[in-house]
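Reader: I would like a close look at one part of this protein. Please pick a helix and walk me through its surroundings.

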Amino acid sequence: MKNGTELATALNQTARETPPDAPIQTPPPKNARTGKKMIGGHFDPALHRQLKQLALDRDCSIQDLLGEALDLLMAASGMPPLRKS
């Protein structure tokens, strides 16, 4: 079990080298959610299944479908769509 011993030794050494009050550095978020707001709701599980199936059929995500639906709602209300195509 040499590998396990080497791993334990390396972890112990790293723990000794890191001061306990050292600030934890986290990288800034680098994803599509940056600058966005979550819009959600609670719906019947059957609707969720239908959305998942439609997303599979169209080879897209549920989020894509919801964006399309919200664009149609905005258009029906005389407002411009906000989603970038």
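Author: Start with a cut-off. A residue counts as buried under 20% relative accessible area and as exposed over 50%, with partly exposed in between. Leucine 73 has a relative accessible area of 47%, so this residue is partly exposed. The model is predicted, and every value here is computed from it.

Leucine 73 belongs to helix α3. That helix is the part to look at. It spans residues 62-76. The protein has three helices and zero strands, in the order α-α-α along the sequence.

Stay with leucine 73 for a moment. Together with Ile39 and Leu70, Leu73 forms a nonpolar patch on the surface. The accessible area of the three comes to about 310 Å². For the protein as a whole, the exposed area is about 8,300 Å². Carbon and sulfur atoms supply 60% of that.

Now take a buried residue of the helix. Aspartate 71 also sits in α3. Its relative accessibility is 14%, and therefore aspartate 71 counts as buried. Across the protein, buried residues make up 5% of the 85 residues. What does aspartate 71 touch, leaving aside its neighbours within four places in sequence? The contacts are Pro81, Leu82 and Arg83.

Next comes a charged pair. Side chains of opposite charge can pair when their charged atoms come close. A search of the whole structure finds one salt bridge. Arginine 58 and glutamate 68 form it, with their closest N and O atoms 2.8 Å apart. The two partners are ten residues apart and link distant parts of the chain. Arginine 58 lies in helix α2, and glutamate 68 lies in helix α3. How accessible are they? Arginine 58 is at 46% relative accessibility, so it counts as partly exposed. Glutamate 68 has a relative accessible area of 30%, which means that it too is partly exposed.

Last, the pocket. The largest pocket holds about 1,400 Å³ of space. Its lining comprises 24 residues. Nearest the pocket centre are Lys37, Ile39, Gln63, Gly67 and Leu70. Two elements, α2 (45-58) and α3, give two or more residues to that lining. Helix α3 gives the most, with eight residues. Two names return here from the nonpolar patch: Ile39 and Leu70 belong to that patch and are among the residues nearest the pocket centre.

To recap, α3 carries the buried aspartate 71, holds glutamate 68 of the salt bridge and gives the most residues to the lining of the largest pocket.

Definitions and conventions: Residues are numbered from 1 along each chain as its sequence is written. This is a predicted model: local features need pLDDT of at least 70, side-chain atom pairs count only at pLDDT 80 or more; totals for chains, interfaces and linings use all residues. Side-chain values use heavy atoms; hydrogens and water are left out. Helices (H or I, at least four residues) and strands (E, at least two) are DSSP runs, numbered from the N terminus. Buried means under 20% relative accessible area, exposed over 50%, partly exposed in between (1.4 Å probe, protein chains only). Accessible areas come from the Shrake-Rupley method with a 1.4 Å probe; for residues, only the protein chains shown count as cover. Contact means heavy atoms within 4.5 Å. Patches are made of residues with over 30% relative accessible area and no salt bridge: like charges are joined within 9 Å, nonpolar side chains (Val, Leu, Ile, Met, Phe, Trp, Tyr) within 5 Å. A salt bridge is a side-chain nitrogen of Lys or Arg within 4 Å of a carboxyl oxygen of Asp or Glu. On a 1 Å grid over the protein atoms alone, a cavity is a set of points where a 1.4 Å probe fits but cannot get out, and a pocket is an open set with protein on both sides within 12 Å along at least five of seven lines; lining residues have an atom within 4 Å of a point. Grid points are joined across faces, edges and corners, and a volume is the space filled by probe spheres set on the points.
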